[in-house]
Every structure is written in C-alpha cells, then in structure tokens.
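Here is a friendly tour of one protein chain, meant to be read with the sequence and the model side by side. Have a look at the fold, and then we will walk through some of its details together.

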Amino acid sequence: RVPCKYPGVNIAFRVDQGSNPFYFKTLIEFVGDDGDLKAVALKEAGSGAWTPMAQDWGALWRLNNGRRLRAPFCLKLTSDTGRVLVVNNVIPANWKAGATYRSLVNYP
C-alpha cells in the first residue's frame, strides 16, 4: 500500500442519502496517513460515550442502534496503523442526508 497524502485537504464526511434520525451512514473521504481506517466511532451530543460504527464496505461506515441519534456528532477515526484522530462536532445538529461536511483536520 502507498500512504495517502492530501496536502491542504481536510477529511470530509458525505452523509449517505439513506440516513435519517435513527440511521446514520457516512462516506469518509480524503483520509491521509495510510489511507485505511480500522475503526470509526460516533459520539452524540450530550454523551461522553463513543459508539462503534460498522464498516459497510470501503470508506462507508454506519450506525444503526435502533434509537434516535442526537446531533451534532463527533467522530473518532482509527487508522490501520493505530493512529487516532478525533473530529469534534463535524456533523451539525441540522445535518442533511446527501450533504458533505468538511472537517478542520487530517492525519499529517
């Protein structure tokens, strides 16, 4: 594998069209470092707990825990090399399916 480098480009999260208040799926784009994520977790508004997301395929990750999710969401990304990156409040309270939200961070 060749490490991915996106100089000057931050990680983006494209919310899947099928997402709704009870089901959240996102395509994670422009991940630097080794380019592969081995884990993604989501933290809801007002919560101190990280909930693991399931990988659908490729860069698509989903959370379907059977209850209404409270945004804004923080996302914690763990690369294949074990490096952790926390993206705070990247998905806003008024998020929309089909929208892309850009973070302010990326792996160096």
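Let us begin with a single side chain: at 8% relative accessibility, Val-31 counts as buried, where buried means under 20% relative accessible area, exposed means over 50%, and partly exposed lies in between (1.4 Å probe, protein chains only). You will find Val-31 in the loop between strand 2 and strand 3. Strands here are DSSP runs of E with at least two residues, helices are runs of H or I with at least four residues, and both are numbered from the N terminus. From the C-alpha atom of Val-31 to that of Ala-99, 68 residues away along the chain, the separation is 18 Å.

A word on the background: this is a predicted model, in which local features need pLDDT of at least 70 and side-chain atom pairs count only at pLDDT 80 or more, while totals for chains, interfaces and linings use all residues. Residues are numbered from 1 along each chain as its sequence is written, and side-chain values use heavy atoms, with hydrogens and water left out.

**The sheet**

Four strands form an open sheet in the order 4-3-7-8, with antiparallel pairing; two strands pair if DSSP finds at least two bridges between them. At the edges are strand 4 (51-52) and strand 8 (84-91), each of which pairs on one side only. Strand 4 is joined to strand 3 (residues 37-43) in the antiparallel sense over two bridges. Within this pairing, Ala-41 stands opposite Pro-52 of strand 4.

**The nonpolar core**

The largest nonpolar core has 24 residues, and Phe-13, Phe-24, Ile-28, Leu-77 and Ile-91 have the most contacts inside it. Such a core is a set of buried Ala, Val, Leu, Ile, Met, Phe, Trp, Tyr and Cys residues joined through side-chain atoms within 4.5 Å. At least two residues of this core come from each of strand 1 (12-15), strand 2, strand 3, strand 6, strand 7 and strand 8. Strand 8 gives the most, with four residues.

Leu-77 is a good place to zoom in. Leaving aside neighbours within four places in sequence, Leu-77 has contacts with residues including Ile-11, Phe-13, Ile-28, Val-87 and Tyr-107, contact meaning heavy atoms within 4.5 Å.

**Salt bridges**

How many salt bridges does the rule give? The count comes to five, taking a salt bridge as a side-chain nitrogen of Lys or Arg within 4 Å of a carboxyl oxygen of Asp or Glu. Three of these pairs are listed here.

| Salt bridge | Closest N and O atoms |
|---|---|
| Asp-56 and Lys-25 | 2.9 Å |
| Arg-67 and Glu-44 | 2.6 Å |
| Arg-62 and Asp-56 | 2.2 Å |

The Arg-67 and Glu-44 pair links distant parts of the chain, 23 residues apart: Arg-67 is in the loop between strand 6 (60-63) and strand 7 (73-79), and Glu-44 is in the loop between strand 3 and strand 4. Arg-67 is partly exposed, with a relative accessible area of 35%, whereas Glu-44 is buried at 5% relative accessibility.

Lys-25, Asp-56 and Arg-62 are linked in a network of salt bridges. In this network Lys-25 counts as buried, at 12% relative accessibility, while Asp-56 is partly exposed at 27% and Arg-62 is partly exposed at 30%.
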